[in-house]
Amino acid sequence: MKSMPRRKSEVDLKYPVILLLSGLFLIGCSADITYYEIPIEFKNPQKKKELLTNYTKYLFGKKIFLDPGHGGEDRRNQGPKGLTIEADANLNVALALRDFLNEAGVQVIMSRSEDMTVDLKARSIMADSSGAELFISIHHNAPGKGGDEGINYTSTYYHALETDFEYEPCERDIAKYIQRDLSYAMRNSGGLGSFDGTYSDYMIYPGAGFSVLRLTKIPSVLVECGFFTNPHEERRLAIDEFNKIQAWGIFRGIARYYAAGIPQIKFLTAEDIFDKTEINLEFSISDSVQINAKSIQVYVDSISVNNYKFEALTNILSINLADLEEGEHIVRIIAANGNGNHSFPFNQKIIVKENTKNHF
Ligand SMILES: [Zn+2]
């Protein structure tokens with residue numbers, strides 16, 4: 001027996017007849033109750049407006065890239081009841097998220113805004129050339145072969161492992177904020193594989209991760225909102241209002257991530273060509289939130305170095321490098337603020353020459 005989607009809030013205590021009928025209805029098909037909660041901001045336009053005004057302060061003028069997974073020729077992922085096709089749920093959530101972001105002054109670029117085929121590599125190339133500063137891929141999950149068919153949770157993926165050089169801590173920060181607010185909006189847990197619902201993509205593909213996260217150069221995360229294979233989740237995912245609630249969760253996560261501040265790093269030294277004997281570099285690390293001096297990490301060509309000094313009053317980071325080989329080098333800096341948010345990927349190219357001063 002198939003039931004119409006029902007919400008708990010539809011049960012009105014003022015009308016016993018309706019209550020009785022609802023009760024009989026629920027007894028009749030209790031296995032098919034589709035339950036979700038409507039955020040207070042959806043019921044109270046004034047509250048939503050206040051929140052949007054506040055978030056706009058942090059989001060206005062940003063550019064974000066949204067990537068609804070699959071679509072077009074790739075529509076094979078679908079729920080057991082045939083109510084939800086993953087590609088469509090991904091797109092619906094992404095479109096609603098675009099609208100919320102637009103309302104807060106964010107420019108949104110999408111890999112697709114309709115049902116069409118987009119190659120995986122093309123998604124990353126589009127994102128990197130779009131001028132966006134953040135890439136968010138939206139998916140829905142299914143268990144691996146032989147996995148638990150009833151399983152359901154919300155998870156957010158970042159690339160690589162904490163101990164890898166290619167790991168960017170800012171991606172974990174973004175993942176945490178999105179995960180917290182999305183899983184709350186859906187009233188899902190974050191699964192048993194992680195304490196906070198964020199996961200390395202190496203958990204799925206060891207050493208490689210998800211192609212869209214590996215290939216995209218701008219900070220990127222991938223959200224697996226819920227399992228379309230779970231009968232309860234599948235029914236909710238087919239409801240437009242629920243997709244909007246999901247999008248609202250992701251939107252709040254993004255907004256609260258930005259509100260916590262992101263350290264900005266700038267190269268202050270006037271030139272990028274240095275004499276081998278004298279490599280003194282200056283950077284500024286600034287944010288509206290105080291920089292955590294202990295969080296600073298400096299790498300030269302993927303090797304960690306510690307001959308640097310950070311002046312908290314001026315926010316100046318001075319790095320002293322000696323005896324670098326002639327040629328091109330990459331200086332990578334990572335810094336976090338007092339809220340734990342890390343800087344975006346920062347890599348400064350420098351060129352080292354032998355005895356530049358003696359060449360006159
Ligand atoms: Zn997917």
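Two strands count as paired if DSSP finds at least two bridges between them. The exercises below use a predicted model.

**Exercise 1.** Find which residue of S14 stands opposite valine 300, and which residue of S11 stands opposite valine 300.

Solution.
- Step 1. Strand S10 covers residues 291-300, and strand S14 covers residues 327-337. Six bridges join these two strands, which run antiparallel.
- Step 2. Across from valine 300 in S14 is valine 331.
- Step 3. S10 also pairs with strand S11 (residues 303-305), through three bridges and again in the antiparallel sense.
- Step 4. On S11, the residue opposite valine 300 is isoleucine 303.
- Step 5. The link from S10 to S11 is a hairpin with two residues between the strands. In its turn, aspartate 301 has a positive phi of about 50°.

**Exercise 2.** Describe the six-strand sheet: state which strands stand at its edges and which helices pack on it.

Solution.
- Step 1. Write down the strand order, S2-S1-S3-S6-S4-S5; the sheet is open and its pairing is mixed.
- Step 2. Look at the two ends of that order. Strand S2 (107-110) and strand S5 (198-200) each have a single partner strand, so one side of each has no neighbour in the sheet.
- Step 3. From one strand to the next, the twist averages 25°.
- Step 4. Take one pair from the order: S3 (residues 134-141) and S6 (residues 220-227) run parallel and are joined by six bridges. Isoleucine 136, for example, has valine 221 in S6 as its bridge partner.
- Step 5. Add the helices. Helix H4 (residues 86-103) packs on the sheet and touches strand S1 (63-68), S2, S3 and S6. The direction of H4 makes about 145° with that of S3.
- Step 6. Helix H6 (residues 169-186) also packs on the sheet, touching S3, strand S4 (155-158), S5 and S6. The direction of H6 makes about 20° with that of S6.

**Exercise 3.** Classify the packing of H3 against H9, and check the span of H3.

Solution.
- Step 1. Two packed helices are described by the angle between their axes and the distance between the axes.
- Step 2. For helix H3 (residues 45-59) and helix H9 (residues 240-259), the angle is about 55° and the axes are 9 Å apart.
- Step 3. Angles under 35 degrees count as roughly parallel, and 65 to 115 as roughly perpendicular. H3 is therefore oblique to H9.
- Step 4. The crossing of H3 past H9 is left-handed.
- Step 5. List the contact residues: Tyr55, Tyr58 and Leu59 of H3, with Ala255, Tyr258 and Ala259 of H9. By class, six residues are nonpolar, with no polar and no charged residues.
- Step 6. Check the span. H3 has 15 residues and, at 1.5 Å a residue, should span 21 Å; the C-alpha atoms at its ends are 20 Å apart, which agrees.
- Step 7. Look just past the end of H3, where glycine 61 takes a positive phi of about 85°.

**Exercise 4.** Name the edge strands of the four-strand sheet, and give the bridge partner of glutamate 311 in S13.

Solution.
- Step 1. The order is S7-S9-S13-S12, in an open sheet with antiparallel pairing.
- Step 2. Strand S7 (264-267) and strand S12 (308-311) pair on one side only, which makes these the edge strands.
- Step 3. The twist in this sheet averages 20° from one strand to the next.
- Step 4. S12 pairs with strand S13 (residues 316-321) over four bridges, in the antiparallel sense.
- Step 5. Glutamate 311 has isoleucine 316 as its bridge partner in S13.

How values were computed. Residues numbered from 1 in each chain as written. Predicted model: local features only at pLDDT ≥ 70, side-chain atom pairs only at ≥ 80, totals over all residues. Axes fitted to C-alpha atoms, helices over the stretch in contact; angles between N-to-C directions. Contact = placed C-beta atoms within 7 Å. Parallel < 35°, antiparallel > 145°, perpendicular 65-115°, else oblique. Left-handed = near helix turned anticlockwise from the far one by under 90°. Nonpolar A, V, L, I, M, F, W, Y, C, P; charged D, E, K, R; others polar. Expected span 1.5 Å × (residues − 1).
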